[in-house]
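Hi,

Here is the model I promised to pass on. Have a look at it first, and then read my notes underneath.

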Protein chains: 2
Amino acid sequence: MAKRQKVPAGKPDYVKELSKAGIRVTRPRRVIIDILTETDDHPDAMEIFRRAVQVDKSISLSTVYRTMKLLEGFGAIHRHAFGSGPARFENAAGEHHDHLIDLDTGDVIEFKSDRIEALQAEIAQALGYDIVHHRLELYGRKKASG
Amino acid sequence: MAKRQKVPAGKPDYVKELSKAGIRVTRPRRVIIDILTETDDHPDAMEIFRRAVQVDKSISLSTVYRTMKLLEGFGAIHRHAFGSGPARFENAAGEHHDHLIDLDTGDVIEFKSDRIEALQAEIAQALGYDIVHHRLELYGRKKASG
DNA sequence: GGATCAGTTGACAATCATTTGCAAATCAAC
DNA sequence: GTTGATTTGCAAATGATTGTCAACTGATCC
Ligand SMILES: [Mn+2]
Ligand SMILES: [Mn+2]
Ligand SMILES: [Zn+2]
Ligand SMILES: [Zn+2]
């Protein structure tokens, strides 16, 4: 029986996808992609860089930024701008969702509302537009009671 | 009959508000506040600076930035981050609304949906949070049809 | 396996938006 | 008008991101 590699659910094989598109799969890129596919938080470039260096001492911050731009172009990752500060990234593989940011702790909580998504499309339609993408962020505090 | 100054609807008297709060109402601040209350678009700091210079040649960009921070702290203006690029500001006086950005032209269209606002609060509540503020931006293109 | 060469990288300079330090100017109060 | 703390303009500093470029390295073809 021939060996068959199976990509784990939610972790599409971007490496294969890139090489299919004629883009080189280099060592730094592989390391960065691994970090992005294995994390479930929203790290910024510096944090991705820190994690990458632990795998490959020679990776540079420039390459992290370049790779983020490359992957974003591919739709492989999403770029966020929570509050102020540096851009933060996340693997685009999972289902679409929006974010609730805890103003006290900085925690990012993911949520999804089909009703809100539908209303957004409805509103855009009424204004004569098709939505390409959107950004919904709620900033809040834990309810007083806990 | 005593002269009674009436603030035009949607243009609260921030000048008075500031001086009441013990903050100096200086010439540069007055100029900048006037610009913000008289415009209905979403200018960035450089654009506000350009408009301010036409009124008072000596105003500096630093003061524009400082005044934006001051007014934001007062809740007098909102700071936006549409797409990438510099922050953009708008007078907070009007009713709350969200934005649809035309990806082709950069046009910013304002809209308001009570249903979306209600859903947001509902979602936050379900997650154990009270919303302090939120950001909803739709990015889209004019529907193909004319 | 080794040569080839365009795509990619690391180092570091440059850019962009924004903030800060500081001496001089200016408000608001007396 | 004098006064003293606040605010300003200027220039230098900062933080995030992008650009330059010589050196390197993957994929392809022998
Ligand atoms: Mn997320
Ligand atoms: Mn607006
Ligand atoms: Zn959404
Ligand atoms: Zn809203």
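Of the contacts in chain A between residues at least 6 apart in sequence, 48% join residues at least 24 apart. Keep in mind that this is a predicted model, so everything below is computed from it.

Some basics on chain A. Its secondary structure comes to five helices and five strands, and along the sequence they follow the pattern α-α-α-α-β-β-β-β-α-β. The C-alpha atoms fill a box of roughly 50 × 35 × 35 Å along the principal axes. Of the 146 residues in chain A, 36% are buried.

Now for how the two chains go together. A turn of 180 degrees, with a shift of 0.0 Å along the axis, lays chain A on chain B with an RMSD of 0.1 Å. That is the relation of a two-fold axis. In chain A, the C-alpha nearest this axis belongs to A:Leu136, at 2.2 Å. The copies meet through the same surface, because 97% of the interface residues of chain A are also interface residues in chain B.

Which salt bridge did I look up between the chains? A:Glu122 pairs with B:Arg115, and their closest N and O atoms are 3.1 Å apart. A:Glu122 sits in helix α5 (residues 114–126) of chain A and B:Arg115 in helix α5 (residues 114–126) of chain B, so this pair joins two chains. A:Glu122 is partly exposed, at 45% relative accessible area, while B:Arg115 counts as exposed at 52%.

Over all chains, the count comes to 20 salt bridges. Another one is B:Lys112 with B:Asp114, where the closest N and O atoms are 3.0 Å apart. Here B:Lys112 is partly exposed, with a relative accessible area of 41%, and B:Asp114 is exposed at 56%. In chain A, a network of salt bridges links A:Asp41, A:Glu47, A:Arg50 and A:Arg51.

Next, helix α3 of chain B, residues 45–55. Its buried residues are B:Ala45, B:Ile48 and B:Ala52. Viewed down the helix axis they fall within an arc of 60 degrees, so they line one face of α3(B). Their cover includes α2 (27–38), α4 (61–73) and β2 (88–91) of chain B. At the N-terminal end of α3(B), B:Asp44 acts as a cap: one of its side-chain oxygens lies 3.2 Å from the backbone nitrogen of B:Met46. This helix also holds a salt bridge between B:Arg50 and B:Glu47, with the closest N and O atoms 2.5 Å apart. The two residues are three apart in the helix, so about one helical turn separates them. Both are partly exposed, B:Arg50 with a relative accessible area of 46% and B:Glu47 with 23%.

Last, a residue to click on: A:Asp98, in strand β3 (residues 98–102) of chain A. What is the nearest side chain of opposite charge to this buried residue, and how far away is it? That is A:Lys112, at 7.5 Å, and A:Asp98 has no salt bridge. What A:Asp98 does have is a polar contact of 3.4 Å between its side chain and that of A:His134. Leaving aside neighbours within four places in sequence, A:Asp98 is in contact with A:Ile109, A:Glu110, A:Phe111, A:Glu117, A:His134 and A:Leu136. You will recognise A:Leu136 from above, as its C-alpha is the one in chain A nearest the axis.

Cheers

Notes: Residues numbered from 1 in each chain as written. Chains lettered and ligands numbered in written order. Predicted model: local features only at pLDDT ≥ 70, side-chain atom pairs only at ≥ 80, totals over all residues. Heavy atoms only, no water. Buried < 20%, exposed > 50% of the residue type's maximum accessible area, 1.4 Å probe, protein only. Helix = DSSP H or I, 4+ residues; strand = E, 2+ residues; numbered from the N terminus. Arc of directions from axis to C-beta. Contact = heavy atoms within 4.5 Å. Polar contact = N/O pair within 3.5 Å; in protein donor to acceptor, adjacent residues only side chain to side chain. Lys, Arg positive; Asp, Glu negative; His and termini not counted. Salt bridge = Lys/Arg side-chain N within 4 Å of Asp/Glu carboxyl O. Least-squares fit on C-alpha atoms with pLDDT ≥ 70 in both.
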